[in-house]
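Please open the model in your viewer and keep the selection panel at hand. The tour goes from one selection to the next and says what is found at each stop.

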Amino acid sequence: MANTPQSQKRARQTERRTEVNKARRSRIRTFLRKVEEAIASGDADVAREALKAAQPELMRGVTKGVYHKNTASRKISRLSSRVKALTNA
């Protein structure tokens with residue numbers, strides 16, 4: 001338990017930031033799930049559009065400190081290669 005006023009304040013701030021970050025992470029996962037579902041359905045056009053919508057969301061998560069830059073880049077790279085394979089097939 002936090003004892004000093006400063007540590008109590010930091011605990012309150014952490015609680016608030018955790019809620020915000022949880023919402024951000026959830027929003028990003030929703031965008032990624034839409035891409036996954038489009039790939040699974042085999043619809044290249046829908047998958048391409050979903051990926052185009054998901055990329056800025058992922059990178060916004062990087063700027064807000066929810067994801068590491070390399071993690072987001074890796075996710076985008078893997079998804080885009082799968083969408084590309086779907087388009088070529």
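## Starting on the first helix

Select Ala-11, which is partly exposed, with a relative accessible area of 37%. The model is a predicted one, and Ala-11 belongs to its helix H1. For a distance to display here, take the C-alpha atoms of Ala-11 and Met-1, which are 10 residues apart along the chain and separated by 9.1 Å.

## The nonpolar core

Next, which residues touch the most other members of the largest nonpolar core? Select Val-35 and Leu-58, which hold that place among the 20 residues of this core. If you then colour the helices separately, you will find that H1 (5–41), H2 (44–63) and H3 (69–88) each supply at least two residues of the core, and that the largest share, seven residues, comes from H2. As background, nonpolar side chains in soluble globular proteins tend to be buried together.

Keep Val-35 selected and show its surroundings: once neighbours within four places in sequence are left aside, Val-35 is in contact with Ala-50, Leu-51, Ala-54, Leu-79 and Val-83.

## H1 against H2

Now display H1 and H2 together. Their axes lie 9 Å apart and the two helices pack at an angle of about 160°, which makes H1 roughly antiparallel to H2. The crossing of this pair is left-handed. To see the contact itself, select Arg-27, Ile-28, Phe-31, Leu-32, Lys-34, Val-35, Ala-38 and Ile-39 on H1, and on H2 select Val-46, Ala-47, Ala-50, Leu-51, Ala-53, Ala-54, Glu-57, Leu-58 and Gly-61. Coloured by residue class, the contact of H1 with H2 shows 13 nonpolar residues, one polar and three charged.

## H1 against H3

Hide H2 and bring up H3 beside H1. Here the axes come within 10 Å and cross at roughly 25°, so that H1 is roughly parallel to H3. H1 passes H3 in a left-handed crossing. The residues to select are Leu-32, Val-35, Glu-36, Ala-38 and Ile-39 in H1, which meet Lys-75, Leu-79, Arg-82, Val-83 and Leu-86 in H3. By class, the contact of H1 with H3 consists of seven nonpolar and three charged residues, with no polar ones.

## H2 against H3

Restore H2 and hide H1. The axes of H2 and H3 are 10 Å apart, and the helices pack at an angle of about 175°; H2 and H3 are therefore roughly antiparallel to each other. On the H2 side, select Ala-44, Ala-47, Arg-48, Leu-51, Gln-55, Leu-58, Met-59 and Val-62, which meet Lys-69, Ala-72, Ser-73, Lys-75, Ile-76, Leu-79, Ser-80, Val-83, Leu-86 and Thr-87 on the H3 side. The residues of the contact of H2 with H3 divide into 11 nonpolar, four polar and three charged.

Within this contact, pause at Arg-48, a residue of helix H2. At 34% relative accessibility, Arg-48 counts as partly exposed. Not counting residues up to four places away in sequence, Arg-48 touches Val-83 and Thr-87. With the whole chain shown again, draw the C-alpha to C-alpha distance from Arg-48 to Lys-9, which comes to 45 Å for a separation of 39 residues in sequence.

Move on to Leu-86, which is placed in helix H3. Apart from its neighbours within four places in sequence, Leu-86 is in contact with Ala-38, Ile-39, Gly-42, Asp-43, Ala-44 and Ala-47. Between the C-alpha atoms of Leu-86 and Phe-31, which are 55 residues apart along the chain, the separation is 18 Å.

## The loop between H2 and H3

For the last stop, select Tyr-67, whose place is in the loop between H2 and H3. Is Tyr-67 buried or exposed? With a relative accessible area of 15%, Tyr-67 is buried, because buried means under 20% relative accessible area. Showing its surroundings brings up Arg-25, Ile-28, Arg-29, Leu-58, Gly-61, Val-62 and Lys-75, which Tyr-67 touches when residues up to four places away in sequence are not counted. Finally, add Asn-21 to the selection: Tyr-67 and Asn-21 are 46 residues apart in sequence and 9.8 Å apart in space, taken C-alpha to C-alpha.

Terms used. Residues are numbered from 1 along each chain as its sequence is written. This is a predicted model: local features need pLDDT of at least 70, side-chain atom pairs count only at pLDDT 80 or more; totals for chains, interfaces and linings use all residues. Side-chain values use heavy atoms; hydrogens and water are left out. A nonpolar core is a set of buried Ala, Val, Leu, Ile, Met, Phe, Trp, Tyr and Cys residues joined through side-chain atoms within 4.5 Å. Buried means under 20% relative accessible area, exposed over 50%, partly exposed in between (1.4 Å probe, protein chains only). Helices (H or I, at least four residues) and strands (E, at least two) are DSSP runs, numbered from the N terminus. Contact means heavy atoms within 4.5 Å. Axes are lines fitted to C-alpha atoms, for helices over the stretch in contact, and angles run from 0 to 180 degrees between N-to-C directions. Angles under 35 degrees count as roughly parallel, over 145 as roughly antiparallel, 65 to 115 as roughly perpendicular and the rest as oblique. A crossing is left-handed if the near helix is turned anticlockwise from the far one by less than a right angle, and right-handed if clockwise. Ala, Val, Leu, Ile, Met, Phe, Trp, Tyr, Cys and Pro count as nonpolar, Asp, Glu, Lys and Arg as charged, and the others, Gly among them, as polar.
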